[in-house]
Amino acid sequence: MEDLFSVLWAVNRTPVSNQRSLAEQLHMSVGKVNGLLREAEERGFLTVAKEGKQSRFGLTEAGRRMLERTLLSRQQGKLSLESGGELPRTAVILAGGRREDFDQPAALLPLGEGTILSRMVQVLESCGIERFFVIGGFQADRVREEFSGKKNVAVVENPRYKWSGTMQALKLLEGRLLGDFLLMKGDLALERRGVQALLDGAEPFQALLAAPSGLGDEAFVELDADGDIYRISKDIHQINRIQGELTGMFRVPEQVFRMMLGYFEENENPYLNFEYVLENIGRLYGFRGRMVDDLVWAKVENRRDYEALRNIIFPRIQRKEKEMQERHAAETLCEALRVSREEIAAIQFAGGLTNTNYDVRMADGQRYILRLPGRMTESLIDRRNEKRNAKLASDRGFNCRLIYCNEENGVKVSEYIDGAETLNPRTVKLEENVALTAGILRRLHDSDMPEENVFDPFAEAMRYESLLAGENARMYKGYEGLRAQVLAIRDRLEKLGPERLPCHNDLVAANLVKDGNGRLYLIDWEYAGINDPMFDVAALFLENDFAPEDEELFFHYYFREGEDWGAAREKILIFKISQDFLWSIWTVLKEARGDDFGSYGKDRFDRCIRLCAQYWETYGE
């Protein structure tokens, strides 16, 4: 191959020559040169025509590509990129273009329960992406409206979207993008594992590739021997070997983004698109093509693409993602319990908001609930405390039987409760269930269960407040004034003398589960710890909208004859205030990290203000 390259290099420099002069130039025999010329002609690298007593040699396109590849392979390697070593937590989504077939941005076309764009944001969030820049152009106000309730999404308008390409749009983020990021088109839909593949790869500079789709307007990719992108072209005739198609999703280091802006600064074409800038940077820096086998994905350029996505491709994505999630759950259970996959008869999704739960049926008839922790919960929940307290509660009969709990990753396996009935805010107020709930709480509070950690709602609120600063999030208007009132009420609690007893601290109705024999269990001990028992009572009342008569009924079952209910009422009101204050901050923090709780946080914040006013009116300034 080296000798063949030498001949092609020589004829490229001296197109009119003869075999003897080429042999002298290359220090080869005439016979060898003749053989190499014949091979080059047969392989389509060279054309030969007579020109007098000499020959005119012409390189074909294939011959030129062969020279280019060989020259590139002779480089001493590619330059290294700066990278902080952390996974990208930011995504940039380009959603500014207009498609002739639609009277709205293609990214906002309905898909599933939302839009193409909102689904992509949800997928990215599930992979750990926390912040988003969405660049709008055509009907940018509608794009902004799509994310009006999401504090972690910034919509940036490109007023020149009609007269520019994607590099002009990216220039709008100059000075705003810090760290590595994911970059993609807004009309893209794909499986979650495609995103995860980019994040799992060791290389900081990557493009997500898939097998050629036949979707139209494909950007084909050719790789070099190291797996880096060598050529990108929409003309199939310019590709020597098609090794994938660009999906439109990239992992871009901050250093590369600076290079892109520098390249564009010297560019005179406003319609320049970023893919070709990345290709040029990849000549000097390793630009890895990340191929994901059998990836289901689609982009929407026209109505035919959209109909195919909605009716064929998206249902396939949903089926595959469900299969992948259940497979992951099964693998996690096998690892946790040290069983084989054949021992699992069935596994299916069983709900969950922050966490994801699965109902698992084993071949031997056993049944479990597997919990996979929600993303970014490690800073909110101490899993070591949870494991210890859940095991104690399980051993003492308050919790269902705990089979496995991993304090490192939060994976938990519990025995399934036969004939389970999960209470809801309505059924928890039925007298039978009020009696059961009061009974289990009183037994817990009177027990000597040695919870080692303390759950102080005021201290927790301050901890969450400190985490807000790192998320660049802001509390609701009026927060500082409310905060001062809450801390003043905390001081009143200290004068009342809070008790320090074992508590559950999360009395939503869904954590109360009754078995087929009428026995009640307290599940989910994530926030359990030593606290005043009236915190649990306040949580039960507040989370399940107890009316005054419901509270009085609970007191009849909770307090023993001769005990003073009145002394507890002030504490309960204080703890209602502390919980609305705490969980409103928790909500803002979670939403800053990508979750969407609608008006939940603001509603609790506003109720906290009303409860503070009620407290001062009842118990004096």
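Start by selecting Cys 405 and Lys 412 in this predicted model: Lys 412, in strand E21, is the bridge partner of Cys 405. Extend the selection to the whole of E20 and to E21, residues 412-415, and you will have two strands that run antiparallel and are joined by 3 bridges.

Next, add helix H12, residues 383-395, which packs on the sheet and touches E19, E20 and E21, its direction making about 170° with that of E20.

Now bring in the rest of the sheet, which is open and consists of 5 strands in the order E17-E18-E19-E21-E20, with antiparallel pairing. Look at the two edges, occupied by strand E17 (344-349) and strand E20 (402-405): each has a single partner strand, so one side of each is left without a neighbour in the sheet. If you view the strands one against the next, neighbouring strands of this sheet are turned by 20° against each other on average, when direction is ignored.

With the sheet still displayed, select helix H11, residues 303-337, which lies across E17, E18 (356-362), E19 (367-372), E20 and E21, and which runs at about 125° to E17.

Move then to another set of strands and select E3, residues 54-59. Colouring its residues alternately is useful here, as Ser 55, Phe 57 and Leu 59 make up the covered face of the strand, whereas Gln 54, Arg 56 and Gly 58 make up the uncovered one. Keep Arg 56 highlighted, and find Ala 49, which stands opposite Arg 56 of E3, as well as Val 16, whose bridge partner in E3 is again Arg 56. Showing the full strands puts these pairs in context: E2, residues 46-51, pairs with E3 in the antiparallel sense over 6 bridges, while E1, residues 16-17, is joined to E3 by 2 bridges, also running antiparallel. Between E2 and E3, zoom in on the hairpin, where 2 residues separate the strands and Gly 52 takes a positive phi near 70°.

For the last stop, select helix H16, residues 533-543, together with helix H17, residues 548-558, which pack at an angle of about 145° with their axes 11 Å apart. Viewed as a pair, H16 passes H17 in a right-handed crossing. Which residues make the contact? Show side chains for Pro 533, Met 534, Val 537, Leu 540 and Phe 541 on H16, and for Glu 551, Phe 554, Phe 555 and Tyr 558 on H17. Colouring by class gives 8 nonpolar, no polar and 1 charged residues in the contact of H16 with H17.

Notes
Residues numbered from 1 in each chain as written. Predicted model: local features only at pLDDT ≥ 70, side-chain atom pairs only at ≥ 80, totals over all residues. Heavy atoms only, no water. Buried < 20%, exposed > 50% of the residue type's maximum accessible area, 1.4 Å probe, protein only. Helix = DSSP H or I, 4+ residues; strand = E, 2+ residues; numbered from the N terminus. Pairing = 2+ DSSP bridges. Axes fitted to C-alpha atoms, helices over the stretch in contact; angles between N-to-C directions. Contact = heavy atoms within 4.5 Å. Left-handed = near helix turned anticlockwise from the far one by under 90°. Nonpolar A, V, L, I, M, F, W, Y, C, P; charged D, E, K, R; others polar.
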